[in-house]
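Biologist: I should like a close look at one part of this model, followed by an account of the rest of the chain around it. Please take the part first and explain each term as it arises.

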Amino acid sequence: MESRSLQVLEFGKVLNHLAGLCVSEAGAEAALAVRPLAGVEAVHHAAALFDEARRWAGHTGFRLSSFPSLDGVFRALDAPATVLDLDALWALRQTLGLARKLAASIREGQSTGGRWDLLTGLVDAHPLPQRTVSGLDRCVSDDGMLRDESSPELSLVRGEIRRIHQQCTRKVKEYAQRYNIAHYLQDEFMTLSSDRYVLPLKSNFKGRLQGIIHDYSQTGETCYFEPMFLVELNNGLQELKREEREEERKVLRYLTDLVRDELAAVRGAYDLLVEGDVLCARCALSARFEEFGDAGAVSITEGGQVSLLGARHPLLALAAARGGKDGTASAHSARPASRAPHATGKGTAATGHSSQHGPQAPQAVDLELLPGQLGLVISGGNAGGKTVCLKTLGLIALMGLAGLPVPVRPGSSLPFWTDIFAFIGDEQSLEDNVSTFTAQIRHLSGVWDRLGPGALVILDEFGAGTDPAQGAALAQAVLDEVMDAGSTVVAATHFPALKAYALTREKVRAASVLFDPATKRPLFRLAYDQVGASQALDVAREHGLPEAVLRRAEQYLLLDGEDTSALVDRLNALAVQRESEISSLRAEEARLRDKRTKLDERFERERRTLFESVQGQAKAVLQEWKSGKVSHKQALKALAETRARLVGGAAGNGDADGAPDAPGAPQPPALQVETLRAGQAVRYVPWGKKGTVVEVDARRGRVRVDLSGVTMWAEAKDLAASDEKPRVAVGAVTRTISDATASMRVDLRGMRADVAVSELSRALDKALLAGMSAVEAIHGRGTGALRKEIHAFLRTFPAVKSFALAPEDQGGDGVTIIELK
């Protein structure tokens with residue numbers, strides 16, 4: 001990627017914001033080193049990794065804390081004789097401990113329902129140096145000191161030192177009491193001087209006691225006096241201190257050897273932590289963008305379409321976001337954040353206006369090319385946002401190629417560009433003796449050989465620095481050649497000829513920035529497939545140019561016959577009206593889509609709850625029957641009551657497929673038991689199912705009904721007349737009883753998968769209660785989809801012992817034989 005384009009599009013300022021969101025110096029340096037990735041696979045991997053990191057952070061709530069840089073430690077370890085000091089080892093302990101917490105959070109989050117395989121793979125690729133972590137935890141304390149238990153020798157020496165301290169304290173106290181010297185001392189406690197225990201003696205009493213004076217205070221009023229009775233103890237203390245230092249050095253050498261032996265794993269854990277810091281910073285950057293709109297990873301594919309929906313200039317969005325003006329990430333940021341960059345150059349007026357109510361979001365704009373189009377030409381008045389549109393596209397493309405989140409709506413996409421060339425701003429140079437036009441031509445000539453299908457060219461008023469007619473002709477020729485090379489080109493212009501070019505070329509799309517018809521102020525929105533006037537006089541009037549100058553300019557326009565302001569104003573007003581209507585329709589579409597999603601979620605939640613409830617209660621009845629607590633008849637009755645209670649209330653009256661009737665539908669009259677006959681078609685009202693009368697018990701006022709293969713006793717009041725003739729239901733169940741076994745056959749052909757599974761479940765329940773040992777499920781051959789769903793259900797049914805396809809003479813792969821427990 002051309003470094004000049006990175007600078008012109010201000011990619012470095014986005015990286016400054018990203019670095020300010022890191023919690024460590026090493027993470028900030030890694031953030032500043034982010035660049036567009038070389039391959040489309042790498043871009044997809046970075047986008048997927050960011051998506052997982054955002055879901056992981058939201059699922060676990062894990063936040064990285066600041067950690068020190070280990071670059072100096074690694075440089076020191078390059079020298080074989082180097083022994084790390086306590087500060088370096090403490091930094092290693094803190095860093096490796098945080099890496100362990102990060103890895104544990106990722107693994108534990110995935111075990112509790114999260115799915116982030118890429119993050120888990122990243123952790124697995126950087127295993128922790130277990131021996132080093134264990135050694136540092138055992139030897140280095142939280143305050144950065146060596147623990148006594150680092151080695152037996154060190155523990156023994158420090159125990160002796162503490163014993164001498166206690167002995168010295170006791171002797172000083174006894175000496176002071178015996179000789180009543182408390183009034184000689186500046187302080188009633190002893191202290192250390194030159195690593196020896198001494199008494200802070202007032203200087204005017206120094207000749208009254210026998211001992212050694214080691215030093216004086218800065219004022220000279222206190223001398224540090226070692227009494228003779230402490231000399232021997234202090235000598236022993238010095239020997240123990242020397243031994244302590246030697247033992248500490250042994251521990252430091254041992255820990256250094258541990259680190260050196262596992263140096264590759266230590267570097268890997270450190271790299272994992274740095275990468276995690278940058279990933280968390282990317283999530284925080286996305287959260288900043290989301291304060292005033294949508295944000296996420298843009299879809300980038302080879303040969304993809306330019307479609308940025310609701311795009312906002314990233315720097316303007318960051319400036320408007322909370323804290324964006326000073327670029328600070330958080331109170332825990334490990335480095336001072338630079339001031340937030342604002343988009344520089346022309347067209348920066350597209351930002352929201354700051355007010356007493358706080359900053360507002362920059363206006364979102366759709367940047368789209370239709371299939372087959374390679375060019376976009378934006379025209380319209382000055383300060384209307386043309387240059388901001390160019391910079392928005394270029395900067396979002398760079399950020400997307402670098403795997404960074406961008407402020408666009410979901411569904412946005414871009415092609416995979418290997419090169420982006422931006423010609424924006426005044427490129428003249430007095431030192432190089434080149435004009436604006438010459439600088440543009442020189443730059444374009446330098447990159448001309450690199451144009452191709454993987455290139456994006458951004459031209460801001462190209463050719464404006466020379467004769468308008470020749471500049472417009474040159475700009476048209478450049479656009480033709482760039483598109484012929486397969487490159488995508490986006491241009492902003494005031495040339496009338498280039499506006500007409502955009503409306504007449506098949507591969508080019510025209511767009512215009514819009515202005516408020518009443519106030520003539522820019523709306524910072526684009527209207528497609530039309531061109532706009534420059535409105536230079538309106539801009540000049542708004543910025544204070546004398547009215548006399550403006551009136552004379554209008555007269556010159558009339559004399560030249562080029563005053564088309566009325567026509568352009570009318571086109572602009574129509575475009576504003578159209579964009580307003582489109583925005584309203586999009587808002588309504590989003591509202592309806594959101595409502596549909598919520599209804600689908602509610603339906604799925606209630607369906608799952610109902611299924612689990614029915615399944616749980618059926619299992620409970622089955623267990624009671626198996627344990628002998630209830631009889632077959634009682635179990636059947638309990639199952640019927642459960643189904644009627646849980647399903648009947650919601651089902652109401654249904655159609656032929658069992659679907660419930662619409663609310664308020666008239667209820668069919670109930671039948672009298674005396675009018676019912678075997679074989680008569682009826683409807684079971686609680687379930688909304690049609691069935692056939694099998695047997696009538698007039699004395700008890702009940703009827704035995706076959707409901708699609710499930711036979712049950714029902715009250716006559718729950719039955720209604722059916723308009724169909726008596727028939728055998730599709731799911732009819734046929735029993736075949738032999739001497740050795742009892743089996744049941746259920747025909748599921750022609751049913752939807754969910755209906756077939758439900759019918760099979762009922763049949764299995766009935767077979768179990770009837771003491772059957774096998775069930776034959778007829779599903780037919782067909783495409784095998786129904787068979788696959790039935791087999792998946794049978795694997796989860798607790799009462800199924802085994803199942804297999806029937807022999808060819810019994811139906812082959814069109815029948816499944818189910819063996820029950």
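Biologist: How many contacts beyond four places in sequence does the model have for residues 351–358?

Modeller: For residues 351–358 the model has 10 such contacts, a contact being heavy atoms within 4.5 Å. Over this stretch pLDDT, the predictor's confidence in each residue from 0 to 100, stays under 50. This is a predicted model with residues numbered from 1 along each chain as its sequence is written. Local features need pLDDT of at least 70 and side-chain atom pairs count only at pLDDT 80 or more, while totals for chains, interfaces and linings use all residues; side-chain values use heavy atoms, with hydrogens and water left out.

A second stretch, residues 647–665, also has pLDDT under 50, and the model gives it 36 contacts beyond four places in sequence. For the protein, the mean pLDDT is 77, and 78% of the residues reach 70 or more.

The protein contains 22 helices and 24 strands, which are DSSP runs numbered from the N terminus (helices H or I, at least four residues; strands E, at least two). Of its 821 residues, 46% count as buried, that is, under 20% relative accessible area, with exposed meaning over 50% and partly exposed in between (1.4 Å probe, protein chains only). The accessible surface comes to about 41,800 Å², and carbon and sulfur atoms account for 52% of that surface; the areas come from the Shrake-Rupley method with a 1.4 Å probe. Among contacts between residues at least 6 apart in sequence, 68% join residues at least 24 apart.

The interior may be described through its nonpolar cores, each a set of buried Ala, Val, Leu, Ile, Met, Phe, Trp, Tyr and Cys residues joined through side-chain atoms within 4.5 Å. The largest core has 60 residues, and F11, L308, L393, M399, L414, I420 and L526 touch the most other members. Helix α13 (residues 386–401) gives the most to this core, with nine residues. Apart from this core lies another, of 49 residues, among them L70, L102, L122 and Y270. In soluble globular proteins, nonpolar side chains tend to be buried together. Beyond its neighbours within four places in sequence, L308 is in contact with residues including V298, V365, L393, I396, V408 and L414, as well as D366 and E368.

Helix α4 (residues 40–60) has 21 residues and should span 30 Å at 1.5 Å a residue, taken for one less than the number of residues; its end C-alpha atoms are 30 Å apart, which agrees. Its buried residues include V40, L49, F50, E52 and W56. Just after α4, G61 takes a positive phi of about 70 degrees.

Two non-glycine residues in loops also have positive phi. One is E10, at about 65 degrees, in the loop between α1 (3–8) and α2 (11–20). E10 is buried, with a relative accessible area of 5%. The other is E461, near 55 degrees, in the loop between β11 (455–460) and α15 (468–484).

Strand β2 (residues 196–202) has six of its seven residues buried, so it is largely enclosed by the rest of the structure. Strands pair if DSSP finds at least two bridges between them, and β2 pairs in the antiparallel sense with β1 (residues 191–193) over three bridges. Here S193 stands opposite R196. The two strands form a hairpin with two residues between them, and S194 in the turn has a positive phi of about 55 degrees. Strand β2 also runs antiparallel to β4 (residues 222–227), joined by four bridges, with T222 of β4 as the bridge partner of K202.
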